[in-house]
Amino acid sequence: MTGTACAGPLPDLSGFDLAALRAIDHPVLAQVIEGMVERVTHPAEILNAFDSGVS
């Protein structure tokens, strides 16, 4: 997989809250936020997967 150069500087999103970030229409950001929401709403599944992988 080859990377591509950014068209310009990345925006500073540090002042945004999660509600504002969810309103931004960007496919990668949407996937990242969805993953964060999934981890918060289903933490037991993630801990179970972690415990299953530890020997």
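A patch, as the word is used here, is made of residues with over 30% relative accessible area and no salt bridge, and nonpolar side chains are joined into one when they lie within 5 Å. With that term in place, the structure can be read from its overall plan to its surface. The model shown is a predicted one.

The protein has 55 residues. Its secondary structure consists of three helices and zero strands, so that, by the definition of these elements as DSSP runs numbered from the N terminus, the order along the chain reads α-α-α. Of the residues, 5% count as buried, a class that requires under 20% relative accessible area. The surface exposed by the protein comes to about 5,000 Å², and 63% of this area is supplied by carbon and sulfur atoms.

One part of that surface is a nonpolar patch formed by Leu18, Val28, Val32 and Met36. Together these four residues have about 340 Å² of accessible area. Helix H2, which spans residues 27-41, gives the most to the patch, with three residues. Val28 is found in this helix.

The next feature is empty space. Rolling a probe the size of a water molecule over the atoms shows where such space is left. In this model the largest pocket holds about 160 Å³. Its lining is made up of Leu10, Pro11, Leu13, Ile24, His26 and Leu29. By class, five of the lining residues are nonpolar, one is polar and none is charged. The polar one is His26, because histidine belongs neither to the residues that count as nonpolar nor to those that count as charged.

Notes
Residues are numbered from 1 along each chain as its sequence is written. This is a predicted model: local features need pLDDT of at least 70, side-chain atom pairs count only at pLDDT 80 or more; totals for chains, interfaces and linings use all residues. Side-chain values use heavy atoms; hydrogens and water are left out. On a 1 Å grid over the protein atoms alone, a cavity is a set of points where a 1.4 Å probe fits but cannot get out, and a pocket is an open set with protein on both sides within 12 Å along at least five of seven lines; lining residues have an atom within 4 Å of a point. Grid points are joined across faces, edges and corners, and a volume is the space filled by probe spheres set on the points. Patches are made of residues with over 30% relative accessible area and no salt bridge: like charges are joined within 9 Å, nonpolar side chains (Val, Leu, Ile, Met, Phe, Trp, Tyr) within 5 Å. Accessible areas come from the Shrake-Rupley method with a 1.4 Å probe; for residues, only the protein chains shown count as cover. A salt bridge is a side-chain nitrogen of Lys or Arg within 4 Å of a carboxyl oxygen of Asp or Glu. Helices (H or I, at least four residues) and strands (E, at least two) are DSSP runs, numbered from the N terminus. Buried means under 20% relative accessible area, exposed over 50%, partly exposed in between (1.4 Å probe, protein chains only).
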